[in-house]
Amino acid sequence: MKSRMLLNLSLLAALAVLGAIAYFEPGKKEPAETPLTRVEIDKVDTLTLQQGDKTIVLTKKDGHWWVSAPFSAPANDFRVRQLLEIAKATSDASYPLKPEELAKFELDKPIASLTVGDAVLVFGGADPINMRRYVRIGDTLHLVRDDFSRHLTAQATDYVDKKLLPEDARIQEIALPEWKARLGQDGKWVFEPPQEGGGTHIGDLLTNWQSARAIDVKHLDKAAEGPKLHIGLTNGESVDFVIVQREPELLLARPDYGLQYEVVGEPARRLLSLNPKPAETKAEEAPQQATPAPEAPAEGSGAEEIEAD
């Protein structure tokens, strides 16, 4: 009786081992993923995106990306990274490609081509069954899961950094149409003409500018006209805007970039006033905006010194 029980237990153990082997398949290796290119994208410093007769060039400067053509402006590093990573997409299949087959895969009129390092990727149509994109590299046709086409068809302005000021910008001077203020060497903000509550609100205003982002950026098709807005930074650089429109959306043009930034809502109102009134009362208070700024003192420099925050 005891020997039969031992035999049954042994059989059960053997079956468990066989089941585990069948399930886990020890020794079986997953097929290695093959990237489209072997380009080391962290070492790439120039990207060229060709969309028909339009060319977008992105260049890396001091660790950050810039749009170099068709205009020059800081680029959004994250968006450029998405474009770079297309070169590392997995090739699900690859085949030799003959010149007479280009039209078959819509590679005779590609949607775009991307030059990354020494690799040129040409993007054609998509497989109608599994929606994989045809990509030509040299004389090889690759099939790639298409989750990147929107980056290939984006406009140059879509790659622009939407921040109004450079990252980590430190403001030491700001000149709006109605007043200006400058941080003196003694650490005091000097307003011309004096602004009531200037010392209380200047810190918030500077913070609003340092974090301000546009919701949209467009290319200027004509010279911008309007009041000027100047911001001086502690590193000696300056940023100059033209206030094209204040409401309902704030439109700020940067003539040096040839771009126009659109800012909306509360962030927009907080960029042009030391102490903006609540939005719901703005319509009632609007006539007061025409009131002239407070007069400068009759004597002295006409400036008010306020302690810096």
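**Reading burial, salt bridges, strands and a pocket**

Q: Is K43 buried or exposed?
A: K43 is exposed, because its relative accessible area is 63% and the cut-off for that class is over 50%. The model is a predicted one, and this value is computed from its coordinates.

Q: With which residue does K43 form a salt bridge?
A: Side chains of opposite charge can pair when their charged atoms come close. Here the partner of K43 is E40, with 3.4 Å between the closest N and O atoms.

Q: How many salt bridges does the rule count?
A: The count is 13. Among them are links that form a network, which joins D42, R81 and E85.

Q: Which salt bridge has both of its residues in helix 5?
A: R269 and E266 meet through their side chains, at 2.9 Å from N to O. Both residues belong to helix 5 (residues 265-269), where they are three residues apart, about one turn of the helix. R269 is buried, at 15% relative accessible area, while E266 counts as partly exposed at 29%.

Q: Where do E167 and K163 stand, buried or exposed?
A: Burial is assigned residue by residue, and the partners of a salt bridge can be read one at a time. The side chains of E167 and K163 form a salt bridge at 3.7 Å, N to O. E167 is exposed, with a relative accessible area of 54%, whereas K163 is buried, with 11%.

Q: Which residues lie closest to the centre of the second largest pocket?
A: The second largest pocket has a volume of about 670 Å³. Of its 28 lining residues, W66, P74, L165, P166 and E167 are the closest to the centre. By class, the lining holds 12 nonpolar, five polar and 11 charged residues.

Q: Where does the second largest pocket lie with respect to domain 1 and domain 2?
A: The lining shows this. Domain 1 (34-159) and domain 2 (171-271) both contribute residues to it, so the pocket lies between them. Strand 3 (64-69) and strand 15 (238-245) each supply at least two lining residues. The largest share, three residues, is that of strand 3.

Q: In what order do the strands of the nine-strand open sheet run?
A: Strands of a sheet pair through backbone hydrogen bonds, either parallel or antiparallel. In this sheet the order is 4-3-2-1-6-7-8-9-5, and the pairing is antiparallel. Strand 4 (73-74) and strand 5 (91-96) are at the edges; each has a single partner strand, so one side of each has no neighbour in the sheet. Strand 1 (residues 46-51) and strand 6 (residues 112-116) illustrate one pairing, antiparallel over four bridges. Within it, L49 has L114 of strand 6 as its bridge partner.

Q: How does strand 16 pair with strand 15 and strand 17?
A: Strand 15 joins strand 16 over three antiparallel bridges, with I243 opposite L252. Four residues separate these two strands in a hairpin. On the next pairing, five bridges join strand 16 to strand 17 (residues 259-263), again in the antiparallel sense, and A253 stands opposite Q260. Strand 16 and strand 17 also form a hairpin with four residues between them, and G258 in its turn has a positive phi of about 70°.

Q: Why is strand 16 described as largely enclosed?
A: Five of the five residues of strand 16 (residues 250-254) are buried, so the rest of the structure largely encloses this strand. Both faces are covered: L250, L252 and R254 are buried on one side, and L251 and A253 on the other.

Methods: Residues are numbered from 1 along each chain as its sequence is written. This is a predicted model: local features need pLDDT of at least 70, side-chain atom pairs count only at pLDDT 80 or more; totals for chains, interfaces and linings use all residues. Side-chain values use heavy atoms; hydrogens and water are left out. On a 1 Å grid over the protein atoms alone, a cavity is a set of points where a 1.4 Å probe fits but cannot get out, and a pocket is an open set with protein on both sides within 12 Å along at least five of seven lines; lining residues have an atom within 4 Å of a point. Grid points are joined across faces, edges and corners, and a volume is the space filled by probe spheres set on the points. Ala, Val, Leu, Ile, Met, Phe, Trp, Tyr, Cys and Pro count as nonpolar, Asp, Glu, Lys and Arg as charged, and the others, Gly among them, as polar. Domain bounds come from an automatic or database domain assignment. Buried means under 20% relative accessible area, exposed over 50%, partly exposed in between (1.4 Å probe, protein chains only). Two strands pair if DSSP finds at least two bridges between them. A salt bridge is a side-chain nitrogen of Lys or Arg within 4 Å of a carboxyl oxygen of Asp or Glu.
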